[in-house]
Amino acid sequence: MTTDNIDATDRSFLFVLGSSRPEGNSETLARAAAEQLPAGIPQRWVDLAKDPLPDFQDGRHEDGTWPVSEQEEELRRLTLEATDIVIVSPLYWYTVSANTKRYLDYWSGWLGVPGLDFKKRMAGRTLWGVTVMSEEDEVRADGLITALNHSAAYLGMRFGGVLLGNGSRPGQVRGDERAITRAKTFFEREAPLARFPAQEETGER
């Protein structure tokens, strides 16, 4: 299944919280955006810090199978059920947090699961990002934005962009009026098919 022609009433959102602290600024901003979604659209929230995944071990080119935990199985199921996946991560060293990166690393493993067709099933779905950083210069989030865009492009997903906010101390993002204003319409924006830079230059789809 792809989401190329999914009606708004068929959408479902998975919010993946990647912060190492509960109720952080990125989560606060994400919830401000999620409040604007129509009431009929399901939302699921997963906190990677509360039940962390073990470090990913790539066994795609080894004999045997890697045991799948209940936690991984549940996260994989939720990922494949959602039409829209929202990566909610503070900006750590100019990219996503370790918890978030580990979750994305598991996508590599899911690509190789026989019969799962992970890449085909993810195609057409939409990837979004929400991040809050201590710097006011939003260019410093380019690494995080690039990582998410390229991940979406590889899987043939759409990319809705990243909602940016400023803050460091807990709750500080609430004072970022520009971010809160953006949050009110963030999920209304168009989410084009993600492309690598070379594809944009040549017009390749």
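In which sense do β1 and β3 pair, and over how many bridges? This predicted model may be toured from that pair of strands outwards.

**The sheet**

Select β1 and β3 to begin: the two strands pair in the parallel sense, over five bridges. One point of reference is L17, whose bridge partner in β3 is V88. Strands of a sheet pair through backbone hydrogen bonds, either parallel or antiparallel.

Next, extend the selection to the whole sheet. Five strands form an open sheet with parallel pairing, in the order β2-β1-β3-β4-β5. At the edges are β2 (43–47) and β5 (158–166), each of which pairs on one side only. From one strand to the next, the twist averages 15°.

Now add helix α3 (98–111). This helix lies across β1, β3 and β4, and runs at about 145° to β3.

**A salt bridge to strand β3**

Remain at β3 and display the side chains of R11 and D84, which meet in a salt bridge with an N to O distance of 2.8 Å. The two residues are 73 residues apart and link distant parts of the chain: R11 is in the segment before β1 (13–17), whereas D84 is in strand β3. D84 counts as buried because its relative accessible area is 2%, under the 20% limit for that class.

**Helix α2**

Move to helix α2 (residues 70–81), where E74 and R77 lie three residues apart, about one turn of the helix. Their closest N and O atoms are 2.7 Å apart, in a salt bridge. Both residues are partly exposed: E74 has a relative accessibility of 32%, and R77 has a relative accessible area of 34%.

**From the β4–α5 loop to helix α6**

Select E138 and R178, which form a salt bridge whose closest N and O atoms are 3.2 Å apart. E138 lies in the loop between β4 (126–133) and α5 (142–154) and R178 in helix α6 (residues 177–185), so this pair ties together parts that are 40 residues apart in sequence. E138 is partly exposed, with a relative accessible area of 25%.

Return briefly to E74 and R77 and add E81: salt bridges that share partners join these three residues into one network. A search of the whole structure finds nine salt bridges.

**A nonpolar patch**

Finish with a surface view of Y92, W93 and Y94, which make a nonpolar surface patch of about 410 Å². Y92 is found in the loop between β3 (84–88) and α3, and at 33% relative accessibility Y92 counts as partly exposed.

Methods. Residues are numbered from 1 along each chain as its sequence is written. This is a predicted model: local features need pLDDT of at least 70, side-chain atom pairs count only at pLDDT 80 or more; totals for chains, interfaces and linings use all residues. Side-chain values use heavy atoms; hydrogens and water are left out. Patches are made of residues with over 30% relative accessible area and no salt bridge: like charges are joined within 9 Å, nonpolar side chains (Val, Leu, Ile, Met, Phe, Trp, Tyr) within 5 Å. Accessible areas come from the Shrake-Rupley method with a 1.4 Å probe; for residues, only the protein chains shown count as cover. A salt bridge is a side-chain nitrogen of Lys or Arg within 4 Å of a carboxyl oxygen of Asp or Glu. Helices (H or I, at least four residues) and strands (E, at least two) are DSSP runs, numbered from the N terminus. Buried means under 20% relative accessible area, exposed over 50%, partly exposed in between (1.4 Å probe, protein chains only). Two strands pair if DSSP finds at least two bridges between them. Axes are lines fitted to C-alpha atoms, for helices over the stretch in contact, and angles run from 0 to 180 degrees between N-to-C directions. Contact means heavy atoms within 4.5 Å.
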